[in-house]
Amino acid sequence: MAGEASVFQTGGGGFNYENYVQASFLLQMMINGMVPSFTDGSISEIGFQNKNKGYQTDDLFLKIEEGNTTKRIISQIKYNIPISSKNEVFLEVINAFWKDFNNASHFDRQKDKMFLIKSSLTNNDKNHIVYLCQIASKQSNSKDFFSEINRTKIKKEALDIFEESLNLAKGEAVTKEELFQFLKCFNLLAYDFTTDASTDETYLLNLIRLSKSKETTTTANEIWSVLLNEVATYNRNGGSITKKDLGNFQPYTYFDLSISNDAYSSFKKIHQDGQLLLKPFKNTIGGYHIDRTIVKKSILESVNQSDISIITGYPGVGKSSIIKDILGEELSDTSPIIFKADQLNKSSLAQVFSEVGINYSLIDLFSLISTTPNKIIVIDSAEKLLEAQPDSAFKQLLSIISENKGIKLLMTCRSYAVNVIKQKFGINSKKINVVEIPLLDDDEIESVKNEFPQLTNFLLNDKISEVLKSPKYLDFTISAIKENDNISDNINYSEFKEILWNEVIENSTVTKNGLPRKRGITFSHIAVGRAINMRLFFEPEDDKINYEAIELLESDNIIVRNNNKFQFSPSHDILEDWALVKHIASIENKLSNKAELFNKLGNQPALRRAFRLWVEELLTNDIDKVASLITLTINNESIPTYWTDEILTAVFRSDDCSSFFKHFSSKLLENDCEFLNRCILLIRTTCREYSFNKENSNDILFPVGSCWEEALSFLSSNISSIISIRKSITNFLLDWEYKFLFQFKVCSSREIKAANEIVFHHIKEIYNENDHWSYSRNDYQQTSLLYMLFGFANYCKDELGIFVEECSSNTDEYGRLNGFSELVIKKALGGVRNSSLIKELPDTLIKIAHKHWKRIPPESLPKREGLLDFHFQSEKNEKMLGVLQKQGLIFFLLVFIKLLCIIY
């Protein structure tokens, strides 16, 4: 199938696209590089134009040695081929593949692969064609394959392309089994050779620099040209090169395999270290698997489309487990570099790599896998990046990703931290796609309950049922609770967590030598030490641990070891959180002077995060202690102010902070509402997040937490006492309005009623020319408040109707509207956000339009006074007003605009 190269296929120096791809694989053979689909194999032979070997697929042939097995790759290379059953070239390619696929002497369906290589992938190629092949490659039979296709709701058109093309190739309809087996062997790859600023060529040139002998004075570009020239010659003659031939192959003398082997060893080390980080995570609940295929498909689409994908959700929802599954299944032909966020809290990437014994740069490492389709960096528990300085290794990593096309960043992150990470590190929202992993729904919970009846009482307990929607908490509970355990149906979250600690961490069933206590102390020492030192693994102090407890914790997968070193880390962030919260509670309980607590904790970010978790827990069972802590931090000037903010943030983001506003109702209003103003600013700063719903804008921060409703209710109840902070309140309302506009279903009638009362109060102050609004005139704020009020028309219809009519009558001696009334009427009749007003008060608006838009001319009116001075004839007036009454104000506006156009 080798034809004449088109203008678009031809690159510099007369070489065509096919030559570039062939040369890239020749280079991989020479330096023992990696090959797509066979990441543990190496090329032992490469063939060009292989018709003479009996293959119909003739552009590129590769023989692969993987372990003790020989495998083959047959490839067609087409510059920009559309994947369509209507395209003649694509049909030719499939026809050649089909013939070789059915030739048992040339192709083994159980081992060999077919590659179609093109210059770029469309979004449809990435999201459907590639994904289709990924699904096929991981299924053991056609029944499972088609079941998976139906479950993931993959576009039928993607499957139809191959079915229609194979039907033509076979001359009759292919069976489902044949279609499945073909797709299982088929791979679609893309390399951007011959394009301007080619990323793949840049990687190849860097790989040559990295691998060439130190004695070689020939440049990487010159070596690359030599390889292209050799390939072009072999391609014309239909030749092949084996590993044995390399000794007599002149370009081979440019390279020093000891250098490339060392580089590949470094890459394999960092890759294997990363695999170790994900090892503790599992995708089952007590051995029971819940299908998350739809979520996985969303993640894969995100990886294909975005440079940065953030996988978010509540603690224990399964973020890391799903990433582990994807990397081991759909993306198993990749070799990702995996970090825990703690590792990137260093001053530079060089320091990060140096600490794990790697002396190569990130670009060097990715150059080593230049022919593999995905270059992925994974960062687990990205919320811990907030514990680093803004100018950190992570910031350098972001810079590298922005400058190097094709590197994908995949992060797991708790929901609350996504917005803060974006802001702290200045990440462009357009570069990011966020995929939220939901908590288990009612059907999934029911299926788990049927599998594990001992969970029934826990799942019926309103105090803990929400946390049990997290798969990891369910898994811990199943490990801790036996069917015959007699546990109260009404325990609270703290009591429930204590049960889990006793059974999961301490394992109270094994009591010999006081092991439960020793396990708890040992684990806490490791968790707290790791967090304070901000290191991935922590080496425990001999006098603080029990060695038998270490062994048991490791065998129970509660802690993980750093390879063969005596360094450990909790196996899951939830376990670490438990230990840190117990650590803080223990310190607080031992102190008679509670102000010393904050000196004991210091300013370590991890302990501040744990402190918030401790406060959140206190809110459910000891609100008085929280209140006393707030009072203490406010009144004691020796305590840094950030501790007050930490407590308030925990309170405001909780599920119910109503007790805070009740307890501090007087304090909030003191000194011209100084404390209330501080709380409002803190809510606006810490209690807004980007939406994970694709229907909403990625650039809008939406209110989260119970604080918005409770604050609105408090402001409404004290409207006459908060006049000194009107500006803050207005900004607070405008932030909340996004929730009303885009997330109306989660707005309570209570908060809407409160917001309506506050806005109406402000609007009336503006109307009555209150000194504050006259002095600090802000047209944007006034217009925004007015539109917000119109949006509440359904909740204040009668009062709003009276107000609008009052504004309509507020005219001077010449009939012109006075002050703010002019803005009200202007926006009511012709604003961009008056639909709710029109819906609720159509008759009122028609009446006002009649009054202000219909001009009654004097008797001696000239034919035309000016461009905009015109009138309807009296007969037409009656008809027009009849139309208004029938069709409403919108129809009138359209007629009016049309009349203006006619006049002009």
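Which side chain meets that of Glu387 in a salt bridge? In this predicted model, the partner is Arg609, with an N to O distance of 3.3 Å.

**View 1. Glu387 and Arg609 join distant parts of the chain through a salt bridge.** Glu387 lies in the loop between β11 and α14, whereas Arg609 belongs to helix α24 (residues 605–621), and the two are 222 residues apart. With a relative accessible area of 10%, Glu387 falls under the 20% cut-off and therefore counts as buried; Arg609, at 8%, is buried as well. Both residues also belong to a network of salt bridges, which links Asp342, Glu383, Lys384, Glu387, Arg414, Arg530, Asp573, Glu576, Asp577 and Arg609.

**View 2. Strand β12 (residues 407–414) is largely enclosed by the rest of the structure, because eight of its eight residues are buried.** In a regular strand the side chains alternate between the two faces of the sheet. Here Ile407, Leu409, Met411 and Cys413 point one way from β12, while Lys408, Leu410, Thr412 and Arg414 point the other way, and all of these residues are buried. Arg414, which is one of the members of the salt-bridge network, stands opposite Gly313.

**View 3. Strand β12 runs parallel to β9 and also to β11.** Six bridges join β9 (residues 308–313) to β12, and five bridges join β11 (residues 375–380) to β12. Within the pairing of β11 with β12, Val378 has Leu410 as its bridge partner. Between these two strands the chain passes through helix α14 (residues 393–403), and the resulting β-α-β crossover is right-handed.

**View 4. Six strands form an open sheet with mixed pairing, in the order β5-β4-β3-β2-β1-β6.** Its edge strands are β5 (186–190) and β6 (240–242), each of which pairs on one side only, and the twist from one strand to the next averages 25°. Strands β1 (residues 42–48) and β2 (residues 60–66) are paired in the antiparallel sense over six bridges, with Gly47 standing opposite Phe61 in β2. Helix α1 (residues 17–30) packs on this sheet and touches β1, β2, β3 (69–77), β4 (113–118) and β6, its direction making about 150° with that of β1. Helix α2 (residues 88–101) also packs on the sheet, where it touches β3, β4 and β5, and its direction makes about 165° with that of β4.

**View 5. Two salt bridges lie within helices, one in α9 and one in α10.** In helix α9 (residues 257–278), Lys269 and Asp273 are separated by about one helical turn, because they are four residues apart; the closest N and O atoms of this salt bridge are 2.9 Å apart. Lys297 and Glu301 are likewise four residues apart, in helix α10 (residues 293–305), and so are separated by about one helical turn, and their side chains meet at 2.5 Å, N to O. The lysines can be described by their relative accessible areas: Lys269, at 33%, is partly exposed, whereas Lys297, at 9%, is buried. For the structure as a whole, the count comes to 52 salt bridges.

**View 6. The chain as a whole contains 39 helices and 17 strands.** Its C-alpha atoms fill a box of roughly 105 × 90 × 60 Å along the principal axes, and 54% of the 904 residues count as buried. Of the contacts between residues at least 6 apart in sequence, 72% join residues at least 24 apart.

Methods
Residues are numbered from 1 along each chain as its sequence is written. This is a predicted model: local features need pLDDT of at least 70, side-chain atom pairs count only at pLDDT 80 or more; totals for chains, interfaces and linings use all residues. Side-chain values use heavy atoms; hydrogens and water are left out. Buried means under 20% relative accessible area, exposed over 50%, partly exposed in between (1.4 Å probe, protein chains only). Two strands pair if DSSP finds at least two bridges between them. A crossover is right-handed if, with the strands pointing away from the viewer, the path from the first strand over the helix to the second runs clockwise. Axes are lines fitted to C-alpha atoms, for helices over the stretch in contact, and angles run from 0 to 180 degrees between N-to-C directions. Contact means heavy atoms within 4.5 Å. A salt bridge is a side-chain nitrogen of Lys or Arg within 4 Å of a carboxyl oxygen of Asp or Glu.
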